[in-house]
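Here are some notes from my read-through, in the order I'd go over them with you. Have the model open while you read.

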Amino acid sequence: MCGIIGYTGTDNAVPKMIKGLTVLEYRGYDSVGIAAQVGKKTELVKCKGRIGSLEEKLLVNPIENCSCAIGHTRWATHGGPSDANAHPHRAGNVVLVHNGIIENYKELKEELSAKGAKFLSETDTEVAAALINDCYQSCKDPIAAIRQATARMKGAFAFGILFDGYEGEVFVIRRGSPLILARGKDGYYLASDMTALLPFTKEYCAMREDQIAHLTRQGVTCYHNDKVFEPEWKVTNMTPESAQKGGYSHFMLKEIHEQPEAVLKSISPRINKAGLPDFSCDNITPDFWKQVKNIQIVACGSAMHAGMVGIRVLEDIAKIPTTVHIASEYRYHPPLMPDGTLVVVISQSGETADTLAALRYAKSLGVPTLGIVNAVETTIAREADRRIYTYAGPEIAVATTKGYCTQASVLWMIAAAIAHARGLISDASAKEIVNSLAKEVPAAMEKMLEQKDLFHKIAKSLVGHEHVFYIGRGMDYALSMEASLKLKEISYIHCEAYAAGELKHGTISLIEPGTPVLAISTEADLFDKTESNIREVRSRGAQVTLICREDIPVRKESADEVVSLPVSSPAATVFSALIAIQYIAFETASMLGCDIDRPRNLAKSVTVE
Ligand code: M6R
């Protein structure tokens with residue numbers, strides 16, 4: 001939920017902190033701060049607000065001769081956004097930055113207060129610093145102090161820690177929250193995610209649960225259980241450009257435009273020479289798919305909405321009974337798990353705490369699990385029994401676009417693989433689906449991207465309204481849910497998604513003259529019924545936009561505005577509708593002057609439950 005970074009080496013550390021934190025801002029932007037070692041002293045500079053505010057402070061009081069530092073960008077949990085609550089936090093000889101939540105911080109705080117500790121902030125992090133310092137005062141050994149203190153902490157954390165007297169040394173530990181180590185030409189790094197380090201290096205190593213790392217100017221030593229070892233460095237294929245805007249005004253816009261290629265990247269590794277669906281690159285065989293009798297998809301937010309698309313294709317194409325569950329609710333009302341159940345967790349970041357908890361719950365019951373994940377080597381990817389990467393590339397905008405669309409495309413491909421493995425569809429039909437996902441979908445999405453002016457016009461008609469409705473049936477209800485989330489998330493306009501036929505059972509009372517209703521219709525056989533629902537709202541004065549298959553003759557009086565969707569295949573129609581709903585949300589938020597890439601109150605990676 002927060003972003004942390006650290007460096008020790010021979011180069012100037014402060015500009016590296018600023019550069020890395022700027023990339024990490026998508027993880028939280030309530031406050032920002034750095035701790036910089038200058039000689040034997042550690043200076044803390046921190047403030048409420050964004051990187052710009054920190055840079056202003058550093059202009060007034062520049063830090064020079066610093067080659068070892070840690071930094072933090074915060075999404076507030078314990079205590080509101082303020083200078084005092086901003087990280088880093090100091091306690092005695094310890095200064096630290098933290099991503100995660102210490103669940104038992106209250107009891108620890110009471111205990112430490114009774115021993116005389118004083119606290120300047122409302123954060124759980126300061127308590128963690130005080131506990132590590134307390135242990136350090138008795139053992140005088142940073143590694144032992146970190147071990148002893150973290151053994152008493154409940155919750156999730158990734159810490160970057162400086163100890164007075166340890167010049168040029170950074171100590172690191174993670175449990176539950178992500179953390180990457182990296183090696184550059186001029187030193188060693190830590191960060192919540194690799195994108196922050198791409199300007200400096202491509203060599204990285206993902207830290208394991210409860211692993212401690214000790215970074216010095218000369219190298220890194222890791223400690224895990226009783227083992228002491230050096231990291232195994234790998235080289236990422238991400239480029240610094242992949243984490244930059246590349247000429248677009250916003251990351252979201254860039255990521256919307258990257259979708260045709262992203263779908264291709266997610267599908268092509270899973271096509272064999274015969275043009276059939278084949279997940280052998282993920283170590284999944286047709287026999288595995290054959291054993292699956294029912295699927296439970298568990299995820300949050302847009303990933304859960306991708307699961308709603310999954311239900312449609314897994315049931316229609318593969319005939320596998322499928323349910324979708326909100327991850328944060330899964331453990332409280334777990335569904336029955338008959339033999340042959342496969343739990344599929346979906347997560348772009350691979351770190352969402354609710355999804356991770358659901359995955360661990362399913363594993364504790366001994367049910368096979370499969371993760372559909374974008375960010376490589378993240379906790380969910382590692383802990384799921386099997387994993388399928390979506391290969392969407394780094395997604396920086398808080399509002400997901402290519403993350404969601406690649407999740408949906410992979411689910412579609414899984415449906416084809418299961419149907420083919422079970423002999424429900426012929427080679428020819430399987431190839432047709434594969435071809436549609438790999439060729440027709442990217443082409444249809446490209447075509448939709450050309451309709452920017454129309455999306456702009458529709459967005460203009462939404463500006464000034466407090467409430468908007470998306471309606472659709474079947475697959476289009478699933479798309480409506482994502483469309484509604486996208487619009488409210490970045491434009492702050494209240495938007496509800498309704499199954500088109502359900503509106504008349506109560507919510508239609510909210511329709512007034514001028515209320516915007518956007519209807520989606522990608523399924524030809526459901527159009528007549530959706531059109532009846534459109535008439536119901538229209539006769540009550542609603543302003544209607546219809547996002548509809550191009551082969552359906554739309555009556556003039558049915559809608560104020562029509563977006564026509566290519567019909568080269570069912571998938572092409574669905575994925576091009578996706579471009580329309582994302583673009584409409586983007587244009588609306590843009591007209592309203594919203595902070596599109598960093599909407600208020602949100603963070604990209606939600607690593608708290
Ligand atoms: O990283 P995840 O896919 O697990 O994230 C799940 C949700 O938090 C995420 O999809 C969220 O709903 C998006 N910001 C919506 O655009």
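Leaving aside neighbours within four places in sequence, which residues is Lys16 in contact with? Point 1 has the list, and one caveat goes with everything below: this is a predicted model.

1. Lys16. This residue sits in helix α1, which covers residues 13-24. Once neighbours within four places in sequence are set aside, Lys16 is in contact with Ile5, Tyr7, Asp11, Asp186, Tyr189 and Phe200. Asp186 deserves a second look, since a polar contact of 3.4 Å joins its side chain to that of Lys16. With a cut-off of under 20% for buried, Lys16 counts as buried because its relative accessibility is 6%.

2. The ligand site. The ligand has 14 residues around it, and the closest are Ser347, Gln348, Ser349, Thr352 and Glu489. For polar pairs, start with Ser347: a side-chain N or O atom there is 2.6 Å from an oxygen atom of the ligand. Two backbones join in as well. A backbone N or O atom of Thr400 is 2.9 Å from a ligand oxygen, and a backbone N or O atom of Ser302 is 3.1 Å from a ligand oxygen. On its own the ligand exposes 410 Å², of which the protein buries 90%. The space it takes up is the second largest pocket, and the elements giving two or more residues to the shell are α9 (301-316) and α16 (475-491).

3. Gln348. One of the closest residues to the ligand, Gln348 belongs to the loop between β18 (341-347) and α11 (353-364). Its side chain makes a polar contact of 2.9 Å with the side chain of Asn374. Not counting residues up to four places away in sequence, Gln348 also touches Val373, Ala375, Glu395, Gly403, Gln407 and Lys604, among others. Buried or exposed? Gln348 is buried, because its relative accessible area is 14% and the cut-off is under 20%.

4. Ala35 and the cis proline. Ala35 is in strand β2 (residues 31-38) and is buried, with a relative accessible area of 0%. Among the residues it touches beyond four places in sequence are Thr42, Leu44, Cys68, Ile70, Val95 and Leu162. Pro88 is also one of those contacts, and please check the bond before it: His87 and Pro88 are joined by a cis peptide bond, with omega about -5 degrees. Pro88 itself is in the loop between β4 (68-74) and β5 (89-91).

5. Leu546. Strand β24 (residues 543-549) holds this one, and Leu546 is buried at 0% relative accessible area. Its contacts, with neighbours within four places left out, include Ala519, Phe527, Ile534, Val554 and Val562. Ser564 is 18 residues from Leu546 in sequence, and their C-alpha atoms are 8.4 Å apart.

6. Two asparagines with positive phi. Asn65 has phi near 60 degrees, a positive value in a residue other than glycine. Asn283 also has a positive phi, near 60 degrees. Where are they found? Asn65 lies in the loop between α2 (51-60) and β4, while Asn283 is in the loop between α7 (259-267) and α8 (286-291). Asn65 is exposed, with a relative accessible area of 71%, and Asn283 is exposed too, at 65%.

Methods
Residues numbered from 1 in each chain as written. Predicted model: local features only at pLDDT ≥ 70, side-chain atom pairs only at ≥ 80, totals over all residues. Heavy atoms only, no water. Helix = DSSP H or I, 4+ residues; strand = E, 2+ residues; numbered from the N terminus. Buried < 20%, exposed > 50% of the residue type's maximum accessible area, 1.4 Å probe, protein only. Polar contact = N/O pair within 3.5 Å; in protein donor to acceptor, adjacent residues only side chain to side chain. Contact = heavy atoms within 4.5 Å. Near = heavy atom within 4 Å. Areas by Shrake-Rupley, 256 points an atom, 1.4 Å probe, with all protein chains shown as cover. 1 Å grid on protein atoms, 1.4 Å probe; cavity = no way out; pocket = protein on both sides within 12 Å on 5 of 7 lines; lining within 4 Å. Sits in = over half its atoms within 2 Å of the grid points.
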